[in-house]
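Reader: I am a first-year student, and I should be grateful for a close look at a single part of this structure, namely the side of one chain that touches the other. Please set that part in the context of the whole.

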Amino acid sequence: MSAATLGSRMGGQLVAPFRLFRGRPVALAGFLWLLFVAALAVLGAVITPFDPLEIDPVNRLLEPASPHWFGTDHFGRDTLSRVVVGARMALIIGLGTVVVALTLGTLIGVLSAWFTSLGHVLMRIVDVLMAFPALLLALVLMTLLERSVLNTIIVIGIVYTTTTARILYGMSLKLKNEVFVDAAICSGASTASLLFRHVLPNLASPLLVQASFIFAFAQLQAAALDFLGLGLPPEIPSWGNMLAESRTYITRASWLLLFPGAAIILTVFSMNLVGDALRDRIDPRFRDDIAGV
Amino acid sequence: MLAYATKRLLTLIPTLLAASLLIFLFIHLIPGDPAAVLLGDTATPEEIAALTARMGLDQPIWKQYGLWLGNVLQGDLGTSLFFREPVLSVIAEGAETSILLASMTMLWIVLIGIPVGVLSASFHGSWIDSLSSGLSMFAASVPTFWLGLYFILVFAVGLGWLPSSGFPSIFDEGGLANLRYLLLPSLTLAAPNAALIIRLVRAAMLDVQREDHVRTARAKGLSPARVVWKHVFRNALIAVVAAFGFTFAALVSEAVVTETVFSLPGVGRLVVQSILRRDYPVIQGVILVIVLLYLIINLLVDLAYAWLDPRISLA
C-alpha cells in the first residue's frame, strides 16, 4: 500500500503527498525512506551484492570494508545483503498486522457502536483483553502457536485489534449522532448501506492514520518477539532476528548491532513522522482519538 | 467519593473474573491432557492421576474453573515444573528486582519527562519545542532491547563504568550500592516511557493554556512563571496522572525485554524463561498476578483522577 495514494484523498480533497509534507522536511525525508524500504522489499535478493543466506566461515566477523560494506556476521554472511532482504519481512509484518488489526478492529468497533447490545458484549471482551499488557498478550499467544510469519502477524494483529476497536467504537458513536446519519435513515437507507456508504468513508482518513501507527508499533513488537526467541523462525533474515543472533558477538562486532538496528529505528521513526503529518490533516473531531506515539 | 470508589471496585470484579477465565483456559488450549501438560515430560501415570483428581479434570469445565479459582484465592497458584516450588514463591523471588527496577524507572520518567514537557510547552513553537518533540518521537522509535545492548556496549564494555548484567539483592553484601546494577536497565526502560510523558505533559499544558481561567490569571497581572506553575502545570498534571495506568502496561511489556537483555532475576525474565521452558504453571501464575496488578493500578489511577479533578462526575 502506498501512503501517498490513500493520503492524497485525505479529508475528501486531493492533497498531493508533497503538499502534505509542506513545511515538514523531516516528515518528507521519512516518507522517502519508507519508499526506499518498499523498493528494497520488492527488489530484495535481486540487488544484494551477496547471497544473504550464503555461509562463508573464512570471512566471518569481518569489519565493514570493501566488498562487505556493512561487515559480515558469525557465519560470514554479508550484513548489507541481509539488511536489504530484511526490508521485505518488515513490510510483510507491518502490512499484515495493519490488515488484521484494522479489519477486525473496524468490524468490532463499528458494529458495537451501531448495535448497542452486541456492543456491550464485544466491548467488554475488548476491555478484558486490554487488561493484558501488549507484549505479554503477544507472548502468551505465541506459546500456543508455532513460530511462523503468519502466526507472528496474527498475534501482533490481535494485540492491536483491541486498541483499534476501542478507538473506532468512540469515533463511530460520534458519527452516529450526526445529522447526515439521521438524514440517511429518514431517506430509508438500510443499515448496510448506511455503514458502507456513510459511516466507513468518514472513518477512512482516521483509519489511515491509525494504520501508520500500527505499522510502526508492529515493527517494534515483532523485533522484540524475535529477540526473545518467540517471533519469526530463526532462519528468516528479519532485522529482529539479525539483532537476536548478533547479541553474543556485539563486543567483537558492533556493526552487527548498528545496521539492522538503524534500519528498524529509521523505519519506525519515519512511519511515526508520516502518521503525525497525516493526523494533522484529518477531521478535527477525531484528532484526539488516535494516540500515536 | 466513597460511593464512587465502591462502584469502580465492583466494576473491576467482572473484568477480573473474565480475565481469570481466559488465563484458566490457557492451560486447556495447549494440546494434550492438562494434567500431563502441567506436570511435564517426567510425570508418572500415578502423578497424572493424582493431579487429575485434585484439579477435577474429570468434572465439567465450569467446576474445574471453580476449583482452580478457589485455589487461586487461597494463594495456591500451583507448582513450577522447573523449580519444583510453589509458583507464588517463584514469583516472589523475582519481585525485589522488578519492583526496584520499576521504581527507579518511574523516578527517571518523572525527572526527565515532566521538566522537559513543561519546557517544551512553555517555549511552544520554538526550537526547544521542536528539538524535544523530535527527540521524544525518536526515543519512542528505538527498540528497547537495542538501546539496552548499546548501553552495555558503551557504558559496561567500553567505559567499564557500570556492570552489564545481573543484580545481587540489596539485602546481600554490597547493600544499596547494588542498585548500580539497575542503573543501565532503568535508563533503558525509562527512555520510551519518558518520551511518552514528555508528549503528554506538553499536550496537556497547551490544552490548559487555552482555558479561560488561565487568561484570567494572566489578565489580572500574575507573572508568567506563576501562571505556568500555579494555573497551568497543576491542571496539566491531572492528565499525566491519568496516563500512569497506560505507562504501567508499557513498563511491564518493556521490562520483559529489558530484564532479558541485562539478565536480571526479575519477574519479566521469569515470563520469558518459563515460556521457553514450557513451565506452564509459572506462565499462568505470573500473567494472573500482572493482570491483577494492572487492574488495581488502573483503579487507583481512576480514583486519584477523580479526587484531583473535581469536575469529574462521580455518578
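Author: The confidence of the model is the proper starting point. For chain B the mean pLDDT is 85, and 99% of the residues of chain B reach 70 or more. The structure is a predicted model, and the model scores ipTM 0.85 and pTM 0.87.

The contact between the chains draws on 35 residues from chain B and 32 residues from chain A. On the chain B side, the elements that contribute two or more residues are α1 (2-29), α6 (127-139), α7 (144-158), α10 (224-261), α11 (267-277) and α12 (280-308) of chain B. Which classes of residue make up this side of chain B? There are 31 nonpolar and four polar residues, and no charged residues.

The chain that carries this surface may be described next. Chain B is built from twelve helices and has zero strands, so that its pattern along the sequence, by the definition of these elements, reads α-α-α-α-α-α-α-α-α-α-α-α. The C-alpha atoms of chain B occupy a box of roughly 80 × 60 × 35 Å along the principal axes. Of its 315 residues, 36% count as buried. Among the contacts in chain B that join residues at least 6 apart in sequence, 68% link residues at least 24 apart.

One residue of helix α12 of chain B, an element named above, deserves separate mention: Trp307(B) is found in this helix. Is Trp307(B) buried or partly exposed? Trp307(B) is partly exposed, because 15 other C-beta atoms lie within 10 Å, whereas a buried residue needs 20 or more. Trp307(B) and Gly245(B) are 62 residues apart along the chain, and their C-alpha atoms are separated by 16 Å.

The partner, chain A, also consists of twelve helices and zero strands. From the N terminus on, the elements of chain A run α-α-α-α-α-α-α-α-α-α-α-α. The C-alpha atoms of chain A fill a box of roughly 75 × 45 × 25 Å, taken along the principal axes. Buried residues make up 49% of the 293 residues in chain A. Of the contacts in chain A with a separation of 6 or more, 69% are between residues 24 or more positions apart.

The interior completes the context. In soluble globular proteins, nonpolar side chains tend to be buried together. Here the largest nonpolar core has 162 residues, and those with the most contacts inside this core are Leu136(A) and Ala138(A). Helix α9 (residues 191-227) of chain A supplies the largest share of the core, 18 residues. Beyond its neighbours within four places in sequence, Ala138(A) is in contact with Val155(A), Ile156(A), Val159(A), Gln221(A) and Leu225(A).

A single helix of chain A serves as a final illustration. Helix α3 (residues 25-43) of chain A has 19 residues and spans 27 Å from its first C-alpha to its last, close to the 27 Å expected at 1.5 Å a residue. Its buried residues are Ala27(A), Gly30(A), Phe31(A), Leu34(A), Val37(A) and Leu40(A). An α-helix has 3.6 residues a turn, so residues three or four places apart point the same way. Just after α3(A), Gly44(A) takes a positive phi of about 50°.

How values were computed
Residues numbered from 1 in each chain as written. Chains lettered and ligands numbered in written order. Contact = placed C-beta atoms within 7 Å. Helix = DSSP H or I, 4+ residues; strand = E, 2+ residues; numbered from the N terminus. Nonpolar A, V, L, I, M, F, W, Y, C, P; charged D, E, K, R; others polar. Core = buried A, V, L, I, M, F, W, Y, C linked by C-beta atoms within 7 Å. Buried ≥ 20, exposed ≤ 12 C-beta atoms within 10 Å, placed from the backbone. pLDDT = per-residue confidence, 0-100. Expected span 1.5 Å × (residues − 1).
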